[in-house]
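Got your viewer open and a selection box ready? Here's a short walk through some helix packing and a couple of pockets.

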Amino acid sequence: MNLRNLRSLAIAAAFVLLLQPIYFFAMSSLDYFISKETTWQHIKSAFDSGVLVDASHRNQLIASGDRFTDCYALGEGMKSSTSAIENGIMAPRPASDRHACDDLKQAAENPSSVNWQSYARYWHGYRIYSAPLASLLPILLLKFVNLAVLASAAIFFVLQADRLIGTWPTIGLCAPVLFLSDFVRIWHVTPHTVSTAIILGGAGIFAWMLRKKSADRTLIIATAGLGSVFNFVDFLVNPPWLPMLLAFFLVAFGRGNQLAIACVAVWFSAYGVTWTSKWVAAYLVEPTFDIRNDVLNAAMFRINGDYASVRHFPLAATAKVFTNAILSWGMLIFVPLLILFRIPLKRPELGQVWPALIPIVWFEALSNHSQIHATFVSRSAAAAAGIVIAAGLMAGNVSSARELFTARYRRPLRETFRSQETR
C-alpha cells in the first residue's frame with residue numbers, strides 16, 4: 001500500500017473519530033427538543049385508533065412488519081425520571097417478557113407502571129428523526145412521513161444508478177428488492193425506514209460521486225462516513241446491503257476491485273469503530289454498564305446462539321434467508337415478468353458479482369440473528385440477487401430500455417420486412 005492510500009485511510013479514520021462526539025452530543029440533547037407528554041398522547045391515540053396494535057391484533061395496512069422494533073423505538077428514551085444524557089445514551093425502554101407493543105401500550109397509559117430497562121448496546125440514532133416527529137405529529141402522520149422519505153430516497157437512488165449503469169441494469173438491480181422482500185411496507189416501521197433511506201440515499205450519493213469522477217481518497221472518506229452514520233442509525237437491520245452496493249458500483253463503473261475491496265473494509269471498520277464507541281459512551285454515562293453481559297454475551301448469541309428456529313450447520317442461515325426471499329409474495333409477479341420480457345441475461349464476470357457474496361458472509365457470521373429475523377434480513381439477499389441480475393444485463397450489453405426494445409421487437413420486425421421485399 002502506497003503512501004497516498006495510507007494518508008487516505010488516516011484521514012478516513014480521523015473523520016470517523018470526529019463523528020463520535022457529535023453522535024454523543026446529539027443523543028444527549030434530544031430530550032430538549034421533544035415533549036414526552038405529547039408523545040405519550042400520540043402513542044395512546046395510535047393504540048386507540050388501531051394505528052399501533054398490541055400482540056393480539058394485526059393491522060396489515062399500517063402496522064405490519066417488525067412491530068416489535070417499531071414499539072421498542074417509540075418507547076426508548078421516554079423515561080421521565082432520568083436525565084437527558086441517560087435517556088439519550090442508555091436508551092431506557094418499557095420491557096418485560098411480553099411483546100414490546102404490549103409494554104408500550106401500558107406505558108402510554110401510565111409510564112410509571114412499567115419496568116424500564118436500558119438498551120445501551122446500540123446508538124439508536126434513528127431517534128434523531130423519529131422522536132421529534134412523534135412529539136410533533138400523530139403516529140399515523142409519522143408513518144406517512146416515513147413513506148415520503150423512503151420513496152424520495154428510492155427515487156434518488158434509481159435516478160443515480162440509471163445514470164451510472166444504465167436503465168435495464170438498474171431495473172435488474174432494484175426489481176428483486178421490490179418483489180422479493182418486504183420493501184413495500186418498510187415505512188410501517190420507523191427504524192427500518194431510517195436505515196433503508198440511508199442505504200439508498202448513501203448509495204445514490206456514491207453513484208453521483210463516481211459519475212463526477214471523484215478521487216479515490218474522496219471515495220474512501222465518503223465510505224467511512226457512510227459506515228459510521230449507518231451504525232449510528234442502524235438497529236442491526238441490513239448492514240451488508242450498503243457496502244455491497246458501493247462495491248458493485250465501483251467495479252461496474254470500472255474503478256477496480258482493489259479500490260472496491262478497500263472501501264468494503266473501510267465501511268465495516270467505520271461501522272465497528274462507531275459501535276465500539278457506543279459501548280464506551282454507555283460506560284462513561286453509567287459505570288455499571290456491563291460490556292461483557294450486555295454486549296459480548298448478546299453478540300455471541302446473535303452469532304451462534306441456540307433458539308427454537310435456528311439450525312446449526314454451514315449455510316443454514318443463507319438458505320433460510322434466500323428461501324424467505326424466494327417465497328415472497330412478489331415471486332408470482334417477478335418470474336412472469338422475466339419470462340414475458342425475455343430479459344437477455346448472460347453469465348456475468350466474477351469481477352462484477354463478487355459484492356453479492358458480502359451478505360452471505362454476514363448471514364453466516366451472524367447465523368442466529370439472520371435466521372431469527374429472516375423476514376427483514378432477506379432484503380440483503382434480494383439485493384444480492386439484484387446485483388447478479390444487473391451484472392448479467394451489463395454482460396449482455398443491454399443498458400437502456402430502447403436497446404432492449406430494439407433488440408426484441410424493432411430489429412426482428414425490420415428483418416422480416418426486408419426478407420419479404422427480397423422475395
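We'll take two helix pairs and then two pockets, bearing in mind that this is a predicted model.

**Stop 1: α9 and α10**

Select residues 190-211 for α9 and 216-233 for α10. Their axes sit 10 Å apart and meet at an angle of about 175°. Anything over 145 counts as roughly antiparallel, so that's the label for α9 and α10. Now show the side chains where the two touch. On α9, pick Val 194, Ser 195, Ile 198, Ile 199, Gly 202, Phe 206, Met 209 and Leu 210. Facing them from α10 are Thr 218, Leu 219, Ala 222, Thr 223, Leu 226, Val 229, Phe 230 and Val 233. Colour this contact by class and you'll get twelve nonpolar residues, four polar ones and no charged ones.

**Stop 2: α2 and α5**

Next, grab 36-49 (α2) and 100-109 (α5). Here the axes are 9 Å apart, with an angle of about 120°, and α2 and α5 are therefore oblique to each other. Their crossing is left-handed. Which residues make the contact? From α2 you want Trp 40, Ile 43, Lys 44 and Phe 47, and from α5 Cys 101, Leu 104, Lys 105, Ala 107, Ala 108 and Glu 109. The class split for α2 with α5 is seven nonpolar, no polar and three charged.

**Stop 3: the largest pocket**

Switch on a surface and centre the view on Asp 66, Phe 68, Thr 69, His 373 and Phe 376, which lie nearest the centre of the largest pocket. Its space comes to about 700 Å³, and 31 residues line it. To see where the lining comes from, highlight α3 (67-75), α13 (291-304), α18 (367-372) and α19 (374-395), each of which gives at least two residues. The lining is a mix: 14 nonpolar, eight polar and nine charged residues.

**Stop 4: the second largest pocket**

Last one. Select Phe 157, Val 158, Thr 170, Cys 174 and Ala 175, the lining residues nearest the centre of the second largest pocket. There are 18 residues in this lining, around a space of about 320 Å³. Elements supplying two or more of them are α7 (139-165), α8 (167-179) and α11 (241-252). Which element gives the largest share? That's α8, with nine residues. Colour by class once more and you'll find 15 nonpolar residues, two polar and one charged in the lining of the second largest pocket.

Conventions. Residues numbered from 1 in each chain as written. Predicted model: local features only at pLDDT ≥ 70, side-chain atom pairs only at ≥ 80, totals over all residues. Heavy atoms only, no water. Axes fitted to C-alpha atoms, helices over the stretch in contact; angles between N-to-C directions. Helix = DSSP H or I, 4+ residues; strand = E, 2+ residues; numbered from the N terminus. Parallel < 35°, antiparallel > 145°, perpendicular 65-115°, else oblique. Contact = heavy atoms within 4.5 Å. Nonpolar A, V, L, I, M, F, W, Y, C, P; charged D, E, K, R; others polar. Left-handed = near helix turned anticlockwise from the far one by under 90°. 1 Å grid on protein atoms, 1.4 Å probe; cavity = no way out; pocket = protein on both sides within 12 Å on 5 of 7 lines; lining within 4 Å. Points joined across faces, edges and corners; volume = space filled by probe spheres on them.
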